[in-house]
Amino acid sequence: MCARPVSRGRRWLRILLYTLLPPLFVGLCATAVIWVRTGDTFRLREWKVLGARLSDRQGIVETMDGVRGKPLALVDLGVLRQRLADDPWITALRVTKKWPDALVVVLAEDEPLAWVLRAGQPRCLTATGRVLDRPRAGTRLDLPVLSGAERDLKGAAARLLEMKTGFPELYARMERLEWGASPVLHLQGAQPLVLVQTTLWRHGLSLLQVVQARRPDLLARSGELDLRFVNQVVWREHA
């Protein structure tokens with residue numbers, strides 16, 4: 001049997017469809033893009049910031065409100081990240097578009113470890129070894145006071161962070177730290193000065209933890225508790 005010939009009308013219809021479909025598809029895509037970029041449906045209506053505790057809240061609000069009402073497709077996340085990252089307390093951030101009309105910002109902030117005095121004013125030594133201005137108003141920080149670490153801020157910050165994460169009870173109890181090759185710890189509710197070695201920092205803190213648990217009487221007398229040795233605790237009374 002012979003194949004049935006395609007009628008001339010069908011052939012022209014097929015040619016017409018093949019000719020019109022591509023520009024029609026492109027036109028629909030262009031219309032959709034224009035609608036997303038200029039229409040009211042996809043304009044930024046709300047935003048959320050997570051992790052903001054120490055950074056400048058007012059500055060964040062002003063930055064985010066500056067793009068409110070703008071088509072979400074036209075919000076430049078790179079520029080927005082750069083503006084937010086100007087806050088020194090912010091160490092990392094992620095900005096995500098939540099279609100159809102929202103932004104979510106997730107912040108990571110530096111960790112304050114101690115107060116240090118600069119020009120007579122208290123400032124914060126952070127986990128990155130930087131000294132920053134006090135965080136935004138209304139933020140309460142219960143931190144020890146650090147002295148003598150002007151030439152070794154990064155070293156002091158590293159040891160303090162180790163103490164805060166590995167010995168949180170001792171860190172919470174420390175009121176003042178005199179930094180040096182043999183740091184001196186002043187503990188809340190303890191009478192003696194506590195001496196440790198920078199090079200044996202963790203070992204000294206371990207010994208102090210043992211003393212606190214098993215010999216609390218040593219922390220109740222005025223004197224000097226020397227934990228700079230590997231295998232012994234030395235007690236000295238003040239003359």
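## Strand pairing

Two strands count as paired if DSSP finds at least two bridges between them. In this predicted model, S1 and strand S3 (residues 102-109) meet that condition, pairing in the parallel sense over 5 bridges. One contact in this pairing involves tryptophan 47, whose bridge partner in S3 is leucine 103.

S3 also pairs with S2, here in the antiparallel sense over 8 bridges. Leucine 93 stands opposite leucine 107 of S3. The connection from S2 to S3 is a hairpin of 3 residues.

## The three-stranded sheet

The strands S1, S3 and S2 form, in that order, an open sheet with mixed pairing. Its edges are strand S1 (46-50) and strand S2 (90-98), each of which pairs on one side only. Neighbouring strands in this sheet are turned by 15° against each other on average, with direction ignored. Strands of a sheet pair through backbone hydrogen bonds, either parallel or antiparallel.

Two helices lie across this sheet. Helix H2 (residues 57-65) crosses S1 and S3 and runs at about 150° to S1. Helix H3 (residues 77-84) lies across S2 and S3, running at about 150° to S2.

## Nonpolar cores

The largest nonpolar core has 39 residues, and the members that touch the most others are Leu125, Leu146, Leu160, Met163, Leu185 and Leu208. Two or more residues of this core come from each of strand S4 (112-118), strand S5 (121-126), strand S6 (131-132), helix H4 (153-166), helix H5 (168-173), strand S8 (174-178), strand S9 (184-187) and helix H6 (201-214). Another core, of 18 residues, lies apart from it and includes Trp47, Leu72, Leu80 and Leu103. Trp47 and Leu103 are also the bridge partners named above for S1 and S3.

Methionine 163 gives a local view of the largest core. Leaving aside neighbours within four places in sequence, methionine 163 is in contact with Pro168, Leu170, Tyr171, Met174, Leu185, Trp201 and Leu205.

## Salt bridges

The model contains 11 salt bridges. One of them joins lysine 164 and glutamate 111, at 2.9 Å from N to O. This pair links distant parts of the chain, with lysine 164 in helix H4 and glutamate 111 in the loop between S3 and S4, 53 residues apart. Lysine 164 has a relative accessible area of 25% and is therefore partly exposed. Glutamate 111 is also partly exposed, because its relative accessibility is 27%.

Aspartate 65 forms a salt bridge with arginine 68, and their closest N and O atoms are 3.0 Å apart. Aspartate 65 is at 36% relative accessibility, so this residue counts as partly exposed. Arginine 68, at 41%, counts as partly exposed too.

## A salt-bridge network

Aspartate 226 and arginine 228 form a salt bridge in which the closest N and O atoms are 2.6 Å apart. Salt bridges with shared partners join these two residues with Glu224 and Arg236 into one network. Are the two partners of the 2.6 Å bridge buried or exposed? The cut-off for buried is under 20% relative accessible area. Aspartate 226 is buried because its relative accessible area is 0%, whereas arginine 228, at 24% relative accessibility, counts as partly exposed.

Conventions:
Residues are numbered from 1 along each chain as its sequence is written. This is a predicted model: local features need pLDDT of at least 70, side-chain atom pairs count only at pLDDT 80 or more; totals for chains, interfaces and linings use all residues. Side-chain values use heavy atoms; hydrogens and water are left out. Helices (H or I, at least four residues) and strands (E, at least two) are DSSP runs, numbered from the N terminus. Axes are lines fitted to C-alpha atoms, for helices over the stretch in contact, and angles run from 0 to 180 degrees between N-to-C directions. Contact means heavy atoms within 4.5 Å. A nonpolar core is a set of buried Ala, Val, Leu, Ile, Met, Phe, Trp, Tyr and Cys residues joined through side-chain atoms within 4.5 Å. Buried means under 20% relative accessible area, exposed over 50%, partly exposed in between (1.4 Å probe, protein chains only). A salt bridge is a side-chain nitrogen of Lys or Arg within 4 Å of a carboxyl oxygen of Asp or Glu.
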